[in-house]
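Trainee: Could you take one part of this model and walk me through it closely? I'd like the metal site, and then whatever surrounds it in the rest of the fold.

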Amino acid sequence: MRKQIYTAPMSTTDEIDKLSGEDWMAAKAYTDPDIFKLEMEQIFRRAWIFIGHDSQVPNAGDFIRTRMGVDEILLVRQLDGSLRVLANNCTHRGTRLCAIAGGNTKSFVCPYHAWGFALDGVLTAVPDIGSYPGTFDIKDRSLHLTSAARVGSYRGFVFASKVAAGPSLSDFLGRMTEAIDNLIDRAPDGKIEIEGGHFSVRYPGNWKLHHENANDTVHPGYVHESSVTSARKTEGGVTRQDELVDRGQTKGMMASNGLTSKDWNAIELNGFPQGHSFMGGFYKSGLLAPQQSDPVTETYREALENTHGKEKTAKILGMDRFNNLVWPNLNVNAQFHQIRVVHPIAVNETIIEGYCFRLKGAPDEIFHRAVRFLGTLVSPASMIFSDDLEIFGRVQVGLESGSLERLDNRRGVATDQKTGDGLQSTTSSELPLRTQAKAWRKWMDSKV
Ligand code: FES
Ligand SMILES: [Fe+2]
């Protein structure tokens, strides 16, 4: 897409080996702006990056403005129903083309000199074109908005790569498709739609810190101690009106991080060669838990059983994997009908977005429960996520001080077990971190 402006020499295996090993990452990989630029080139330009969901652009002319690494892009539904990922920069003088978050349009018109681009990025209108020399050809492809070389979708989850070569989307996703399948299976009508707005939080730290933390099973007992303690303090107290509406879901979530280390150790962790990982469930209670028996859940379960039958419904609702991390920028939480998206902004700045799905055919209340869960877990006012964001900032400050050369990822390395093409651990292992570091090395190596 955008012309490559970074001119640093391409990486070599030797150089990458100095930045990361089997069980460590160099601090520089989190603090050096040149390494960040290389990550944008090697990973966020070449790998399959999550862009959005089909339901955000259902009709011809629908578009959203989002990011692919540091570059702003437009995801646009074409007249023939296909999707394109276009650079959001005018080819005249580089102006940011579209400033709104999304909408429906017949074309994109630059706010500066009104060059007009069709939905597929082709330049179709140039005011006062007669004053250009004969060498100016409106049909010249270099004047079209640049378009991602590959756009692929897995059941409505849209990914893009700016290069034509590389693994297929299906090879890239591997077993992570199971999480997407499970999310869709939870909809009685077999359809899901992103609905409402989304939460967006910005933290002063490197983008890798988010995925590295998400499946870390040691930090919750310490980092989230204050919310666990607050939730426990209210046990047996006076029930307030907001708790009646919430039916204890928020309190339950806040308390869920308070497992004993023995319990955390029993949570299964899985890592895959593509860099992906997921953990077993630990939010065992609350309004979206499968064992709920309130009228809304019963109506929902009945609708699912009409579609799938009793046995399959129990399996679908019973899949409690938490944080299905699709490396490098997506987190699917099927059980709670939501996703998180990671947008690197700078070496020490990252935006996380949280979106919620409506399950078609499920009662309204199920959607509201998921929104409430998202608000408690990922919103800027979350009493849980704000703890993590604070830690990311502290890690970044620590690493930037230069006091540490390497980050240690050795926890649990001796007990990881091979399973199929991946690794599994039932101790509090740093397996997900090693998995991510391995994928990072692979993509950062120019020869791959
Ligand atoms: S910069 Fe876009 S038309 Fe001139
Ligand atoms: Fe956390």
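Mentor: Here is a walk through the iron site, followed by the nonpolar cores and two buried positions. Keep in mind that this is a predicted model.

Let's start with the metal. The iron ion (ligand 2) has His-219 and His-224 as donors, each through NE2, plus Asp-388, which is listed twice through OD. The coordination distances run from 2.1 to 2.6 Å. If you were hoping for a neat geometry, you won't get one: the four donor atoms subtend angles of 54 to 144°, so the arrangement around the iron ion (ligand 2) counts as irregular. For a tetrahedral label, all angles would have to lie between 85 and 135 degrees.

Along the chain, the donor residues follow the spacing H-x4-H-x163-D. His-219 sits in the loop between helix H6 (208-214) and helix H7 (220-223), while Asp-388 belongs to helix H15 (residues 385-400), so the pair ties together parts that are 169 residues apart in sequence. His-219 and Asp-388 are both buried.

Now for the packing. The largest nonpolar core has 93 residues, and among those with the most contacts inside it are Ile-43, Trp-207, Leu-330 and Trp-440. Helix H14 (residues 364-378) gives the most to this core, with seven residues. The core also draws at least three residues from each of domain 1 (49-161) and domain 2 (174-444). Trp-207 is a good one to click on: leaving aside neighbours within four places in sequence, its contacts include Phe-36, Met-40, Ile-43, Trp-327, Pro-344 and Trp-440. There is also a second, separate core of 17 residues, which includes Phe-63, Leu-74, Cys-110 and Phe-117.

Two more positions are worth picking out. Asn-182 lies in helix H5 (residues 177-185). With a relative accessible area of 4%, Asn-182 is buried. Beyond its neighbours within four places in sequence, Asn-182 is in contact with Ile-316, Met-319 and Ala-334.

The other is Gly-422, in strand S23 (residues 422-425). Gly-422 is buried too, with a relative accessible area of 2%. Not counting residues up to four places away in sequence, Gly-422 touches Gly-271, Phe-272, Pro-273 and Gln-417. If you draw a C-alpha to C-alpha line from Gly-422 to Ser-277, the two are 9.2 Å apart in space and 145 residues apart in sequence.

Key. Residues numbered from 1 in each chain as written. Chains lettered and ligands numbered in written order. Predicted model: local features only at pLDDT ≥ 70, side-chain atom pairs only at ≥ 80, totals over all residues. Heavy atoms only, no water. Helix = DSSP H or I, 4+ residues; strand = E, 2+ residues; numbered from the N terminus. Buried < 20%, exposed > 50% of the residue type's maximum accessible area, 1.4 Å probe, protein only. Contact = heavy atoms within 4.5 Å. Donors = N, O, S within 2.8 Å, 3.2 Å for Na, K, Ca; no water. Tetrahedral: all angles 85-135°; square planar, octahedral: opposite > 155°, others 65-115°. Core = buried A, V, L, I, M, F, W, Y, C linked by side-chain atoms within 4.5 Å. Domains from an automatic or database assignment.
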